[in-house]
Amino acid sequence: MPAGATELDADEAAGLIPKSLTTRAQLDEYESANIAEAMAWTVARQRDVLAEGFLRDLHRRMFGKVWRWAGSFRTSGKNIGIASH
């Protein structure tokens, strides 16, 4: 299987907004475009970049066109050996 052709599993796909994304490469490309928009938005802001509200807004802007959970705190563990809280 070519690099990036890995299909997304059902758990990953469940949180996607664009249902047309089916492979890791497509997801990476779509996320990259969304992140580039968020970077441009961030540069134009003079804010406390460590404030929770700013960080949640930034996360929503980085992934809001891709994932339903963008801008929200995790509710499940995703890090190996580290609790989500």
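Glutamate 31 is where I shall begin. Leaving out residues up to four places away in sequence, glutamate 31 touches Met62, Phe63, Val66 and Trp67. Please bear in mind throughout that this is a predicted model. Glutamate 31 itself belongs to helix H2, which covers residues 24-43.

What is the nearest side chain of opposite charge to glutamate 31? It is arginine 24, at a distance of 5.7 Å. Glutamate 31 is buried and yet has no salt bridge. Arginine 24 does not qualify as a partner, because a salt bridge requires the side-chain nitrogen to lie within 4 Å of a carboxyl oxygen. The side chain of glutamate 31 does, however, make a polar contact of 2.7 Å with the side chain of tryptophan 67. Tryptophan 67 is also buried, because its relative accessibility is 8%.

I turn now to the aromatic residues. How many aromatic pairs does a search of the whole structure find? The search returns two. In one pair, the ring centres of tryptophan 41 and phenylalanine 54 are 5.6 Å apart and the planes meet at 15°, so this pair is stacked. The pair links distant parts of the chain, with tryptophan 41 in helix H2 and phenylalanine 54 in helix H3, residues 52-63, and with their positions 13 residues apart in the numbering. Tryptophan 41 counts as buried because its relative accessibility is 9%. Phenylalanine 54, at 6%, counts as buried as well.

Tryptophan 67, the polar partner of glutamate 31, takes part in an aromatic pair with tryptophan 69. That pair is likewise described as stacked, with 5.1 Å from centre to centre and 20° between the planes. Is tryptophan 69 buried, partly exposed or exposed? With a relative accessible area of 43%, tryptophan 69 is partly exposed, whereas tryptophan 67 is buried.

Finally, let us consider proline 18. This residue sits in the loop between helix H1, residues 10-14, and helix H2. Why is proline 18 classed as buried? Its relative accessible area is 13%, and the class takes in values under 20%. Which residues does proline 18 contact, once its neighbours within four places in sequence are set aside? They are Tyr30, Lys65 and Val66. Val66 is also among the residues that glutamate 31 touches. As for tyrosine 30, its C-alpha atom lies 9.3 Å from that of proline 18, and the two residues are twelve apart along the chain.

Methods
Residues numbered from 1 in each chain as written. Predicted model: local features only at pLDDT ≥ 70, side-chain atom pairs only at ≥ 80, totals over all residues. Heavy atoms only, no water. Helix = DSSP H or I, 4+ residues; strand = E, 2+ residues; numbered from the N terminus. Buried < 20%, exposed > 50% of the residue type's maximum accessible area, 1.4 Å probe, protein only. Lys, Arg positive; Asp, Glu negative; His and termini not counted. Polar contact = N/O pair within 3.5 Å; in protein donor to acceptor, adjacent residues only side chain to side chain. Contact = heavy atoms within 4.5 Å. Phe/Tyr/Trp six-rings, centres within 6.5 Å; stacked < 30°, edge-to-face > 60°.
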